[in-house]
Amino acid sequence: MSRIGKNPIALPQGVEVKVDGNVVTVKGKLGELTQEIKSGITVKVEDGTVTLERPSESKDHRAAHGLYRALINNMVEGVSKGFTKELELVGVGYRASNQGQKLDLALGFSHNIVLNLAPEVKVETISEKGKNPIVKLTSHDKQLVGQVAAKIRSFRRPEPYKGKGVKFVGEVLRRKAGKSA
């Protein structure tokens, strides 16, 4: 049996889960998320816990069992606590600023990159003297935060020689030695 799929999901205070056919809706203080459940997995909500059951031991059902349990758990965690990703801009002259949902990045190109973010994602830029600028993304949707963070990182990936580029805070880069004369 799936070790992830069989674990029950404990519902924190103020989180409400509704199952309508094959659509699960999770509502909390930070927002509301929905997920469509396919392949016959049944979702049961009983006295503060959510459990998922699969109809058979087929490979598809076993894979979907753990997947949907993880997705619903991320939805519950998102609407109760939220998710945060921090990106660090490493490089001379690399800057970040935001006006509302518009993120302006200077990453060493001939022009600035302006990115319009979804209203569900809250963006904050931190620029301190002597430190690298940091872009902080916060949302109740884990998938959306990760997708936006990956998009920002793709503008200038960290290079292996000097480590310049956009990297996640705490990310360890594999460095190369470079030329030796």
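This short talk goes through the sheets, the first helix and the largest pocket of a predicted model.

Since the model is predicted, local features need pLDDT of at least 70 and side-chain atom pairs count only at pLDDT 80 or more, while totals for chains, interfaces and linings use all residues. Residues are numbered from 1 along each chain as its sequence is written, and side-chain values use heavy atoms, with hydrogens and water left out.

Let me start with the strands. When I speak of helices and strands I mean DSSP runs numbered from the N terminus, H or I over at least four residues for a helix and E over at least two for a strand, and two strands pair if DSSP finds at least two bridges between them.

One open sheet has three strands in the order β1-β6-β5, with antiparallel pairing. Its edges are β1 (9-10) and β5, each with a single partner strand, so one side of each is left without a neighbour in the sheet. Between β1 and β6 the antiparallel pairing runs over two bridges, and alanine 10 has threonine 49 in β6 as its bridge partner. On the other side of the sheet's order, five bridges join β5 to β6, again antiparallel, and here valine 43 is matched with leucine 52 in β6.

Isoleucine 9, which is placed in strand β1, counts as buried at 1% relative accessibility; the classes are buried under 20% relative accessible area, exposed over 50%, and partly exposed in between, with a 1.4 Å probe and protein chains only. The C-alpha atom of isoleucine 9 is separated by 14 Å from that of valine 79, although these positions lie 70 residues apart along the chain when counted as a sequence separation.

What sits in the turn between β5 and β6? These two strands form a hairpin with two residues between them, and in the turn we find aspartate 47, with a positive phi of about 30°, although aspartate 47 is not a glycine. Aspartate 47 is exposed, with a relative accessible area of 77%.

A second residue of this kind is serine 39, whose phi is near 65°, a positive value in a residue other than glycine. Serine 39 lies in the loop between β4 and β5 (42-46), and is partly exposed, with a relative accessible area of 33%.

Going back along the chain, strand β3 (residues 23-28) pairs with β4 in the antiparallel sense over six bridges, and the two strands form a hairpin with two residues between them. Within this pairing, threonine 25 stands opposite threonine 34 in β4.

Another open sheet of three strands has the order β8-β9-β10, also with antiparallel pairing. Its edge strands are β8 (95-99) and β10 (113-116), each of which pairs on one side only. Strand β9 (residues 102-106) is joined to β10 by four bridges in the antiparallel sense, and lysine 102 has asparagine 116 in β10 as its bridge partner. Asparagine 116 is exposed, with a relative accessible area of 58%; from glycine 130 it is 14 residues away in sequence and 28 Å away in space, C-alpha to C-alpha.

Now to the helix. Helix α1 (residues 59-80) has 22 residues and reaches 32 Å from its first C-alpha to its last, close to the 32 Å expected at 1.5 Å a residue, where the expected span is 1.5 Å times one less than the number of residues. Its buried residues include His61, Tyr68, Arg69, Ile72, Met75 and Val79. After α1 comes glycine 82, whose phi is positive, near 90°.

Finally, which residues line the largest pocket? They are Leu33, Thr34, Gln35, Leu71, Asn74, Met75, Phe83, His140, Asp141, Lys142 and Gln143. The elements giving two or more residues to this lining are β4 (31-36), α1 and α2 (142-155). A pocket here is, on a 1 Å grid over the protein atoms alone, an open set of points where a 1.4 Å probe fits, with protein on both sides within 12 Å along at least five of seven lines, and lining residues have an atom within 4 Å of a point. The volume of the largest pocket is about 220 Å³, taken as the space filled by probe spheres set on the points, which are joined across faces, edges and corners. By class, the lining has four nonpolar, five polar and two charged residues.

How values were computed:
Ala, Val, Leu, Ile, Met, Phe, Trp, Tyr, Cys and Pro count as nonpolar, Asp, Glu, Lys and Arg as charged, and the others, Gly among them, as polar.
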